[in-house]
Amino acid sequence: MIKAPRGTADILPSEIYKWDYVEKVAKDTAKCFGFSEIKTPVFEQTDLFQRGVGDTTDVVQKEMYTFSDKGDRSITLRPEGTASAARAYLEHSLYALPAPVKLFYDIACYRYEKPQAGRMREFHQFGAEMYGNAEAAADAEIIAFAAAIFKNLGITGLSLNINSIGCKECRKNYNDALLKYLTDNSENLCETCHERLKKNPMRVLDCKSPICKGIASGAPSILDFICDDCKAHFEEVQRRLRNMDVEFSIDPSIVRGLDYYTRTVFEFVSTTIGAQGTVCGGGRYDNLIESIGGKPTPGIGFAMGLERILLVMESIGVPFPESPKPDIYIAALGQFEFAEKLLSELRAKGIWAERDISERSLKVQMKNADRCGAKFSVVIGDDEVKEAKAAIKNMQSGEAQKIDLNAEEIRSYIKKLEESNGND
Ligand code: HAM
């Protein structure tokens, strides 16, 4: 039997309503923060990620799905959304719009990683990017946006950890100190880290090898090297977050695994879903747009992993709204063609109406009505058609009421009852 590729998952109808719910809450929150959706291609020219994400990162070195297409172009399935959104921002001159330009995306991403709980090869991100503002208020706003999504989903117990990794200038001093420390301890570093040491020592800090991790834990802290401007910026971010009642801790070990970050970086972490506990990561990237061919433009954003959000919600028992159920089941006793017409009229009015396609006995039809969880049912036989009236039965309470047998009557009856029950 052919199975789905390793590290991918089918999302079945029995689960999809949870995804729909999480995505809806995230999108509704985006509206409150004034972000608009952008859709970009699933694949891009490989060069975009090499230049944007950085060719010394794990993502680019080890995890990309890269192939040559039939025209011999190097193509990569997007491993993340930031580089693609930045490319689209440039390509469509979105910088001509008044700043800030605020975009969100809800996408599938691809990374060739070792699959485990919360780590997939195809996974889904809800992310947001804000371009054009370097002020600390932008950093606080983007972090507050991510925090609001978690709050609106009813997720509690996440810790928000923030750090500043400074600008190009402070990074120079830090890199020198880091290089010295890592060179002194280079004997046991893995082969890839030896390479990283030459090109970009900071990338050694996010190596997944336990030995490299141990060495990284004793490395100098970036916060001891950031310049006065970056320090003031970071302090202002903290002040703004406090002002918006967003709780956080400072964690100087956060450097993030992608090259484009400058200044503020942050992660929302759960302790309830195992080793892959980072549900959201993000930060400022004031050099990214320039590195892919634009004018220097500040930017900041985040992305949250939808698989991990769902794992957290399940692990802490956050309730999901019930999966939607049919509004009405139309059962027929002989009068199948009449029922069929009525069904199509009801559906045209936006009512979810079910029936038995195989036109079996009334007993089977009523069993089906129960099984699919229909809210109401109607039985249409010769008498109902003759009288042009039928009993509409509330499947939960068992109450029934005779109403005119036409689609508009049925629709308004259902809507009226739903409204009085407070459903939408
Ligand atoms: P990232 O930390 O690589 O950042 O990924 C963001 C989130 O995507 C992670 O916190 C995690 O929840 C989820 N994620 C990443 N890899 C996997 C995986 N293999 N399986 C399941 N979930 C995963 C970025 O991608 C940046 N583009 C975020 C950003 C946006 N920074 C600025 N703007």
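**Exercise 1. What volume does the second largest pocket have, and which residues lie closest to its centre?**

*Solution.* The model is predicted.
Step 1: the volume of the second largest pocket is about 910 Å³.
Step 2: the lining has 27 residues, and Glu322, Ser323, Pro324, Lys325 and Lys375 are the closest to the centre.

**Exercise 2. Work out where the second largest pocket lies and what lines it.**

*Solution.*
Step 1: look at the helices. H1 (13–32), H13 (362–371) and H15 (407–420) each supply at least two lining residues.
Step 2: find the main contributor. H1 gives the largest share, 6 residues.
Step 3: assign domains. Domain 1 (13–167 + 226–315) and domain 2 (328–415) both give residues to the lining, so the pocket lies between them.
Step 4: sort by class. The lining holds 10 nonpolar, 6 polar and 11 charged residues.

**Exercise 3. Characterise the salt bridge of Arg284 and Asp139.**

*Solution.*
Step 1: check the distance. N to O is 2.6 Å, and the cut-off is 4 Å.
Step 2: place the partners. Arg284 sits in strand E10 (residues 278–284) and Asp139 in helix H5 (residues 136–153). They are 145 residues apart, so the pair links distant parts of the chain.
Step 3: test burial. Buried means under 20% relative accessible area. Arg284 has 0%, so Arg284 is buried. Asp139 also has 0%, so Asp139 is buried.

**Exercise 4. Test the geometry and the surroundings of helix H5.**

*Solution.*
Step 1: compute the expected span. At 1.5 Å a residue, the 18 residues should span 26 Å.
Step 2: compare. The end C-alpha atoms of H5 are 26 Å apart, which agrees.
Step 3: count buried residues. In H5, 14 of the 18 are buried, so the helix is largely enclosed by the rest of the structure.
Step 4: look past the end. Gly154 follows H5, and its phi is positive, near 80°.

**Exercise 5. Are the partners in the salt bridges Arg203–Asp206 and Arg360–Asp356 buried or exposed?**

*Solution.*
Step 1: take Arg203 and Asp206. Their closest N and O atoms are 2.7 Å apart. Both residues are buried.
Step 2: take Arg360 and Asp356. Their side chains meet at 3.0 Å, N to O.
Step 3: apply the cut-offs. Arg360 is at 42% relative accessibility, so Arg360 counts as partly exposed. Asp356 has 5%, so Asp356 is buried.

**Exercise 6. How many salt bridges are there in the model?**

*Solution.*
Step 1: apply the 4 Å cut-off. The count comes to 34 salt bridges.

Methods
Residues are numbered from 1 along each chain as its sequence is written. This is a predicted model: local features need pLDDT of at least 70, side-chain atom pairs count only at pLDDT 80 or more; totals for chains, interfaces and linings use all residues. Side-chain values use heavy atoms; hydrogens and water are left out. Helices (H or I, at least four residues) and strands (E, at least two) are DSSP runs, numbered from the N terminus. Buried means under 20% relative accessible area, exposed over 50%, partly exposed in between (1.4 Å probe, protein chains only). The expected span of a helix is 1.5 Å times one less than its number of residues. On a 1 Å grid over the protein atoms alone, a cavity is a set of points where a 1.4 Å probe fits but cannot get out, and a pocket is an open set with protein on both sides within 12 Å along at least five of seven lines; lining residues have an atom within 4 Å of a point. Grid points are joined across faces, edges and corners, and a volume is the space filled by probe spheres set on the points. Ala, Val, Leu, Ile, Met, Phe, Trp, Tyr, Cys and Pro count as nonpolar, Asp, Glu, Lys and Arg as charged, and the others, Gly among them, as polar. Domain bounds come from an automatic or database domain assignment.
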